[in-house]
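Q: Please take a close look at one strand of this protein and its pairing partners, and then place that part in the setting of the whole chain.

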Amino acid sequence: MLSTEQISQIRKDFPILKEKIYNKNLVYLDNAATTQKPQCVIDEIINFYTHYNSNIHRGVHALSQKATNEYENARCRIQKFINAKHSEEIIFTRGATESINLLAATFGMQNIKENDEIIISHLEHHANIVPWQILCQKKNAKLIVIPVNNNGELLIDEFKKLITNKTKLISLVHVSNSLGTINPIKEIIQIAHSHNIPIIIDAAQSIQHTKIDVQALDCDFLVASGHKFYAPTGIGFLYGKKNLFDNMPPYQTGGDMILTVSFNKTIFNELPYKFEAGTPDIAGAIGLGRAIQYVQDIGFDNIIDYENHLLNYATEQLLQIDGLKIIGTAKHKASVLSFSLRDIHPHDIGTLLDNEGIAVRTGHHCSEPIMHRFDIDATTRASFAFYNTEEEIDRLVKALKNIINLFY
Ligand code: 7TS
């Protein structure tokens, strides 16, 4: 596990952590919304624009070749990080949302027919609900939802009962952004495949907290966002098995995704370019590659251990507060603590914490259905990254106790 000294060193890598908010040291506990960026990632982007900004895949000149190489190196870094078999199984997208929309518009449009069923879970972020809902409306298909128990854990036996010969696709979140539940995706993928059903994993909240090996998992597709992994916003990726990608139609069309174009006919490019129309976020992709390298240099296992320690510490400390209720008490959780505090509205809590320089998220966290499942409209959510400290959690606890004193 990372020592206190190592964490203080790591914190120096993230320049924003030195910011003062209303003259107080920033405590950034909104990492599930987006993570902060280390200086090396910021430098990598500056380096691109300063020294070799140029378009990729089309120039014979030196800058374009350098940009192309670095962009493709970033793809290979992602491939190795999630242990994909081929680099062309990694498609750069804007993030998890665009990756799921891509799948709905291509794989979904191609394979879902009238009366078919798509299974998702009660824990999904809107990004893994709305695209499927719209697809179901277009195709006259049905969206089926795996229920959860009162701890926020999926009911696996219920899930098994929901599978029928109408089930044509499963799309499931790995780690819930609003409750922190880690779903047993390996088991669920095996169940899906025993019925020959393809399965998509939404790894937006897991890629930064758990090790992902797509070959060991055997998932068919997996989506993630770079900005939740210390990389810039506007870049993410879609992993898919090559044979599935090969049989899918393109998503957006235009430059770079073609081999030849005449006014009569267009022949599409090979993977991965078939799914990367137009000029991509080159600097973002290179930044994402650098972020992965940064995490690997620290040691992902060290990060995971420390984050687990931090979550346990935060859970213990928050539970000491009279009238605080944690929403989401699954046995296996990652880096997210959602809670209610007596009958104080989460937006009031968020505003009062902000006055203390503490950034948390309040609201439904773009996962309204799971809020309704717990009969609430909103929670206050503290979400952690490996640069957070026990002292920061102590400050959160102290601020929450002061809020209670203010209201009661
Ligand atoms: N899936 C999950 C599980 C998420 O948590 C999010 C974003 C997305 C998909 C969409 O990711 P994007 O990068 O394409 O926007 N979750 C959150 C959140 O919890 N707070 O802000 C964004």
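A: Strand S8 (residues 199-202) and strand S9 run parallel and are joined by 3 bridges; two strands are said to pair if DSSP finds at least two bridges between them. Ile-200 has Phe-221 as its bridge partner in S9. The model is a predicted one, in which local features need pLDDT of at least 70 and side-chain atom pairs count only at pLDDT 80 or more, while totals for chains, interfaces and linings use all residues. Residues are numbered from 1 along each chain as its sequence is written, and side-chain values use heavy atoms, with hydrogens and water left out.

S9 itself covers residues 221-225, and 5 of its 5 residues are buried, that is, under 20% relative accessible area with a 1.4 Å probe and protein chains only (exposed is over 50%, partly exposed in between). In a regular strand the side chains alternate between the two faces of the sheet. Both faces of S9 are covered, with Phe-221, Val-223 and Ser-225 buried on one side and Leu-222 and Ala-224 buried on the other.

S9 also pairs with strand S10 (residues 236-240), here in the antiparallel sense and through 5 bridges. Ser-225 of S9 has Gly-236 as its bridge partner in S10.

Strand S5 (residues 117-121) offers a second example: 5 of its 5 residues are buried, so S5 is largely enclosed by the rest of the structure. Glu-117, Ile-119 and Ser-121 are buried on one side of S5, and Ile-118 and Ile-120 are buried on the other. S5 pairs in the parallel sense with strand S6 (residues 142-146) over 5 bridges, and Ile-120 stands opposite Val-145 of S6.

As for the whole, the protein has 14 helices and 17 strands, which are DSSP runs numbered from the N terminus (helices H or I, at least four residues; strands E, at least two). The radius of gyration is 22 Å, close to the 22 Å that the globule rule gives for 408 residues, so the protein is as compact as a globular protein of that length; the radius is taken over C-alpha atoms, and the rule is 2.2 Å times the number of residues to the power 0.38. Along its principal axes the C-alpha trace spans about 75 × 55 × 35 Å. Buried residues make up 55% of the 408 residues. Of the contacts (heavy atoms within 4.5 Å) with a separation of 6 or more, 70% are between residues 24 or more positions apart.
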